[in-house]
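Here are a few short exercises to work through with the structure open beside you. Try each task before reading its solution.

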Amino acid sequence: MTDPSVGHASPLPPGSRAPDFQLASTPDQRVSLAEFRGSPVILAFYPADWSPVCTDQMALYQELLPEFRKFNAQLLGISVDGVWSHLAFASDRNLHFPLLADFEPKGAVARAYHVYRDEDGTSERALFVIDAKGMVAWSYVSPVGLNPGADGILRALESLKSEGAAA
Amino acid sequence: MSAGQSEAVLTVPVSEGRDHIQGSADAAVTMVEYGDYECPYCGAAYPIIKEVQARMGNRLRFVFRNFPIATSHPHAERAAEAAEAAAGQGAFWGMHDLLFENQRHQHDEDLRSYAERLGLDLDRFDRELVEGMHAERVHEDFMGGVRSGVNGTPTFYMNGARHDGGYDVEALFAALERAASSERSKSEKVAQSPPQR
């Protein structure tokens, strides 16, 4: 299924247990994946605060927060930037969801999800939807310069919801 | 459904009854733009689209749909609703053009002055904006765009396929011509090929 032209990395595939993490979202707050157990989580890895494509992508996700909320899903942005950059970026761009600092050890969470780019020292532009039990339900790596949009995320959330209804 | 997403395609077909359309349904190419009236890139694309429309004439059908990213552009939602309110009075394209020609002036009083300039019924225009009568329509456009893979503005679709290339005059014109000729060869094939099975 993995098309090498789509991105460099093969992200952690569906069915894998999503590696837990604890990362700072502000200078005095940490967010762990485990605390969202029971509801879906959208992990959006992006290469850097302030880069033009990220800006559009994160603004689009901010706009879609009410849609994600319909699925009871929590959105988390992750990059290797530090908390101070994240704070300034979120306030400048009006983003109201956590941006996590995969900063020390640098890129450790991106590596655990197989989306770290050694050559650039940043993560891929990668999306994961994690189900309520903490398993990867969907993953996607986009070419770094291309905004992946949100249709894949919404499709994954919908299929989780219909599986949940069927179970 | 891991990696390898299919190429993004327009999931909401163009509707003569619902969409804002310039050009005829039998044009060789239909180009749909998802745009935001306050987005500078859409503003830059506006005269370029006028230019390709002039070049292609009746071979191009152009459709505009709303994709306001309010997070970045605080006036974009209201501007989109103003264009829809104008549409209710038969003046969508007049408002669309005024909004793109005055991107830095999209406060409520500016929107009202454009409505006045277009000779709209101002009481009705004001009421519809205050009541948010067109908010749902704008949101439907937005979500249809999201489901079609719109990832920023402007995003263009040519005969239903997302255009991922540039949008200066030459790039857009070349892509439209390509879409037109592939459409022509498709319909010739349909006409020539014997029925299957």
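**Exercise 1.** Find the distance at which the side chains of A:Asp118 and A:Arg111 meet, and decide how exposed each residue is.

*Solution.* Bear in mind that this is a predicted model.
- Step 1: A:Asp118 and A:Arg111 form a salt bridge, with N and O 3.2 Å apart.
- Step 2: A:Asp118 has a relative accessibility of 59%, so this residue counts as exposed, the cut-off being over 50%.
- Step 3: A:Arg111 reaches 42%, so this partner is partly exposed.

**Exercise 2.** Do the same for the salt bridge between A:Arg93 and A:Asp92.

*Solution.*
- Step 1: The closest N and O atoms of this pair are 2.6 Å apart.
- Step 2: With a relative accessible area of 23%, A:Arg93 is partly exposed.
- Step 3: A:Asp92, at 47%, is also classed as partly exposed.

**Exercise 3.** Now turn to chain B: which parts of the chain does the pair B:Glu16 and B:Arg61 link?

*Solution.*
- Step 1: A salt bridge joins B:Glu16 to B:Arg61, and 2.7 Å separates their closest N and O atoms.
- Step 2: B:Glu16 sits in the segment before strand S1 (20-22) of chain B, while B:Arg61 belongs to strand S3 (residues 60-66), so the bridge links distant parts of the chain, 45 residues apart.
- Step 3: B:Arg61 has a relative accessible area of 10%; buried means under 20%, so B:Arg61 is buried.
- Step 4: For a wider view, look at the salt-bridge network that links B:Arg18, B:Glu84, B:Arg137, B:Glu140 and B:Asp141. Over all chains, the structure holds 22 salt bridges.

**Exercise 4.** Describe how chain B and chain A meet: how many residues are in contact, and how much area is buried?

*Solution.*
- Step 1: On chain B, 21 residues are in contact with 29 residues of chain A.
- Step 2: The two chains bury about 2100 Å² between them, with 57% of it on carbon and sulfur atoms.
- Step 3: Between the chains there is 1 salt bridge. B:Arg147 and A:Glu158 meet in a salt bridge, at 2.8 Å from N to O.
- Step 4: Helix H6 (residues 135-147) of chain B gives the largest share of the side of chain B that touches chain A, 5 residues.
- Step 5: That side of chain B divides into 10 nonpolar, 9 polar and 2 charged residues.

**Exercise 5.** Which residues does B:Leu176 touch, leaving out those up to four places away in sequence?

*Solution.*
- Step 1: B:Leu176 is among the residues with the most contacts inside the largest nonpolar core, which has 44 residues.
- Step 2: B:Leu176 touches B:Val29, B:Met31, B:Val52, B:Met56, B:Leu60 and B:Met158.
- Step 3: Apart from this core lies another, of 40 residues, including A:Ile42 and A:Leu75.

Methods. Residues are numbered from 1 along each chain as its sequence is written. Chains are lettered from A and ligands numbered from 1 in the order in which they are written. This is a predicted model: local features need pLDDT of at least 70, side-chain atom pairs count only at pLDDT 80 or more; totals for chains, interfaces and linings use all residues. Side-chain values use heavy atoms; hydrogens and water are left out. A nonpolar core is a set of buried Ala, Val, Leu, Ile, Met, Phe, Trp, Tyr and Cys residues joined through side-chain atoms within 4.5 Å. Buried means under 20% relative accessible area, exposed over 50%, partly exposed in between (1.4 Å probe, protein chains only). Contact means heavy atoms within 4.5 Å. A salt bridge is a side-chain nitrogen of Lys or Arg within 4 Å of a carboxyl oxygen of Asp or Glu. Helices (H or I, at least four residues) and strands (E, at least two) are DSSP runs, numbered from the N terminus. Buried area is the accessible area (1.4 Å probe) that two parts lose on being put together, summed over both. Ala, Val, Leu, Ile, Met, Phe, Trp, Tyr, Cys and Pro count as nonpolar, Asp, Glu, Lys and Arg as charged, and the others, Gly among them, as polar.
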